[in-house]
Amino acid sequence: MKRIMVVAGFALLAACGDIAEEESVPAGPPMEVTAQELFNAYQANEAAAQQQYGGRPLMVSGTVAGIELDFMDDPVVQLLTSNEFMNAQAALSDASKPQAASLSKGQQIKLLCEGISEVVGVPMLSDCDIQ
């Protein structure tokens with residue numbers, strides 16, 4: 001029985017390794033999009049938006065609505081959308097975190113982001129470099 005569990009564990013680890021390789025961000029130029037376009041797409045159809053924008057680098061432009069700290073005290077840039085309570089969220093890369101202190105509300109910004117997901121229809125960008 002113990003041998004079966006060990007073999008099953010290795011099979012599971014191998015399968016997870018394959019999934020991680022398939023989900024890696026492809027090389028190539030980033031897709032240019034605004035924070036408002038992302039918000040509109042996720043509000044209209046989360047599945048379609050994730051299929052369109054997920055798994056590729058994004059060059060996101062927008063207006064800084066705020067700069068907050070998450071539960072780990074890492075900066076998160078809020079990008080203005082048409083719904084003041086549902087701004088797009090951009091978690092910064094380690095290289096860009098120090099630059100968050102120099103951002104201001106109302107500032108135009110471009111971010112090169114490596115990932116996107118959503119929470120309750122709000123675009124959640126990850127690993128973003130300030131351009």
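What follows is a working chat about the predicted model shown above.

Q: Before we get into details, what is the mean pLDDT of the protein?
A: This is a predicted model, and the mean pLDDT of the protein is 84, with 79% of its residues reaching 70 or more.

Q: And where is the pLDDT below 50?
A: That applies over residues 1-25, a stretch that has four contacts in the model beyond near neighbours in sequence. Where pLDDT is low, the predicted coordinates should not be read in detail.

Q: OK, how many helices and strands are there in the protein?
A: The protein has three helices and six strands, and from the N terminus on its elements run α-β-α-α-β-β-β-β-β.

Q: Which strands does E2 pair with in the antiparallel sense?
A: Strand E2, residues 58-69, pairs in that sense with strand E5, residues 108-119, over six bridges, and with strand E3, residues 75-79, over five bridges.

Q: Does E1 run parallel or antiparallel to E2?
A: Strand E1, residues 31-34, runs parallel to E2, and four bridges join the two.

Q: Which residues could I click on to see those pairings?
A: For E1 with E2, take Val-33, whose bridge partner in E2 is Val-60. For E2 with E5, Ser-61 has Lys-110 as its bridge partner in E5, while for E2 with E3 you can look at Ile-67, which is partnered in E3 by Val-77.

Q: What about the hairpin of E2 and E3, how many residues are between the strands?
A: There are five residues between the strands of that hairpin, and Asp-73 takes a positive phi near 65° there.

Q: Switching to helices, at what angle do H2 and H3 pack?
A: Helix H2, residues 35-44, and helix H3, residues 46-53, pack at an angle of about 135°, with their axes 5 Å apart. Angles over 145 would count as roughly antiparallel, so at about 135° H2 and H3 are oblique to each other.

Q: Which residues make that contact?
A: From H2 the contact uses Leu-38, Ala-41, Tyr-42 and Ala-44, and from H3 it uses Glu-46, Ala-49, Gln-50 and Tyr-53.

Q: And how does the contact of H2 with H3 break down by class?
A: By class, the contact has six nonpolar residues, one polar residue and one charged residue.

Q: Last one, for the protein overall: how many of the residues count as buried?
A: Of the 131 residues of the protein, 34% count as buried. As for contacts between residues at least 6 apart in sequence, 60% of them join residues at least 24 apart.

Terms used. Residues numbered from 1 in each chain as written. Predicted model: local features only at pLDDT ≥ 70, side-chain atom pairs only at ≥ 80, totals over all residues. Heavy atoms only, no water. Axes fitted to C-alpha atoms, helices over the stretch in contact; angles between N-to-C directions. Parallel < 35°, antiparallel > 145°, perpendicular 65-115°, else oblique. Contact = heavy atoms within 4.5 Å. Nonpolar A, V, L, I, M, F, W, Y, C, P; charged D, E, K, R; others polar. pLDDT = per-residue confidence, 0-100. Pairing = 2+ DSSP bridges. Buried < 20%, exposed > 50% of the residue type's maximum accessible area, 1.4 Å probe, protein only.
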